[in-house]
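Below are some notes for a colleague, set out as numbered points. Please read them with the sequence and the model open side by side.

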Amino acid sequence: MFLIDDLLLAPVNGFKFILRQIQQLADKELNDESLIKEQLLELQMRLELEEISEEDYAEAERELFARLRSIKQRQLEALGQVHTADSSSMVIEAGGGDEEDFYEPGGGR
C-alpha cells in the first residue's frame, strides 16, 4: 500500500522539491549583499566604459542602494535588535566595602 502511495505522490513531491529550491534561490538572491555589491561594481565599470549615461547610472545606483538598505533593514528586523540610546542599557554594580571579597588579577587580594 505504501509503495502505491509513493508512486502516486512522486510527481507532487518532486514538484514541491522544485518549488522549495526555487524559493531558496529567490531568497538568496533577494537577501545577498554581495550580489548587489557586484552589480554596483559592474555598473561603475559600464559607466567608465561609457556603455551607459550618467542619468542611467544614477538611476540604477539608486535602485541598488535601495535594495541594499532594505536587506540591511530586514536583517536588523530579523535580529530584533535595533540598538538606540533609549533601548540599550548597561548596568554596572559596585561591590560591598569588604576588602576580603575584592579580587585583583595577578594574585593580589
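The points that follow take up the overall make-up, then the salt bridges, the loop, the surface patches and two spatial pairs.

1. The model is a predicted one, and this should be kept in mind throughout. The protein contains 3 helices and 0 strands, and from the N terminus on its elements follow the order α-α-α. Of the 109 residues in the protein, buried residues make up 9%, and two of the residues discussed below, Glu 33 and Leu 40, are classed as buried.

2. Salt bridges deserve attention early in the reading, and a search of the whole structure finds 3 of them. Glu 33, Lys 37 and Lys 72 are linked in a network of such bridges, while Arg 46 forms a salt bridge with Glu 51. The network is taken up in the next two points, and the Arg 46 pair after that.

3. The side chains of Glu 33 and Lys 37 meet in a salt bridge with an N to O distance of 3.8 Å, which falls inside the 4 Å cut-off for such a bridge. Both residues belong to helix α2 (residues 33–48), and because they are 4 residues apart there, about one helical turn separates them. Their exposure is worth setting side by side: Glu 33 is buried, with a relative accessible area of 17%, whereas Lys 37 is partly exposed, with a relative accessible area of 44%. The value for Glu 33 counts as buried because the class takes in residues under 20%.

4. What does the pair of Glu 33 and Lys 72 tie together? The side chains of these two residues meet in a salt bridge at 3.2 Å, N to O. Glu 33 lies in helix α2 and Lys 72 in helix α3, so the pair ties together parts that are 39 residues apart in sequence. The contact between the two side chains is also listed as a polar contact of 3.2 Å. Lys 72 is partly exposed, with a relative accessible area of 41%, whereas Glu 33 counts as buried at 17% relative accessibility.

5. The bridge between Arg 46 and Glu 51 has its closest N and O atoms 3.4 Å apart. Arg 46 counts as partly exposed, at 33% relative accessibility.

6. The backbone at Glu 50 merits a look, since the phi angle of Glu 50 is near 60°, a positive value in a residue other than glycine. Glu 50 is found in the loop between α2 and α3, and Glu 50 is exposed, with a relative accessible area of 72%.

7. Which residues gather in a patch of negative charge on the surface? They are Glu 54, Glu 55, Asp 56, Glu 59 and Glu 63. Glu 54 has its place in helix α3 (residues 54–79) and is exposed, with a relative accessible area of 52%. Asp 56 is likewise placed in helix α3, but counts as partly exposed at 43% relative accessibility. Both values satisfy the rule for patch members, because that rule asks for over 30% relative accessible area.

8. A nonpolar patch on the surface is formed by Phe 15, Phe 17, Ile 18, Leu 19 and Ile 22, which together have about 510 Å² of accessible area. Ile 18, one of these residues, has its place in helix α1 (residues 2–31). At 46% relative accessibility, Ile 18 counts as partly exposed, and Ile 18 can belong to the patch because the requirement is over 30% relative accessible area.

9. Two pairs of residues may help when checking how the chain is arranged in space. Leu 40, placed in helix α2, is 25 residues from Phe 65 in sequence, and their C-alpha atoms are 8.6 Å apart. Leu 40 counts as buried, at 16% relative accessibility. In the other pair, the C-alpha atoms of Asp 56 and Leu 43 are separated by 9.6 Å, with their positions 13 residues apart along the chain.

How values were computed. Residues are numbered from 1 along each chain as its sequence is written. This is a predicted model: local features need pLDDT of at least 70, side-chain atom pairs count only at pLDDT 80 or more; totals for chains, interfaces and linings use all residues. Side-chain values use heavy atoms; hydrogens and water are left out. Patches are made of residues with over 30% relative accessible area and no salt bridge: like charges are joined within 9 Å, nonpolar side chains (Val, Leu, Ile, Met, Phe, Trp, Tyr) within 5 Å. Accessible areas come from the Shrake-Rupley method with a 1.4 Å probe; for residues, only the protein chains shown count as cover. Lys and Arg count as positive and Asp and Glu as negative; His and the chain ends are not counted. The place of a charge is taken as NZ of Lys, CZ of Arg, CG of Asp or CD of Glu. Buried means under 20% relative accessible area, exposed over 50%, partly exposed in between (1.4 Å probe, protein chains only). A polar contact is a pair of N or O atoms within 3.5 Å; within protein, one must be able to donate a hydrogen and the other to accept it, and residues adjacent in sequence count only if both atoms are side-chain atoms.
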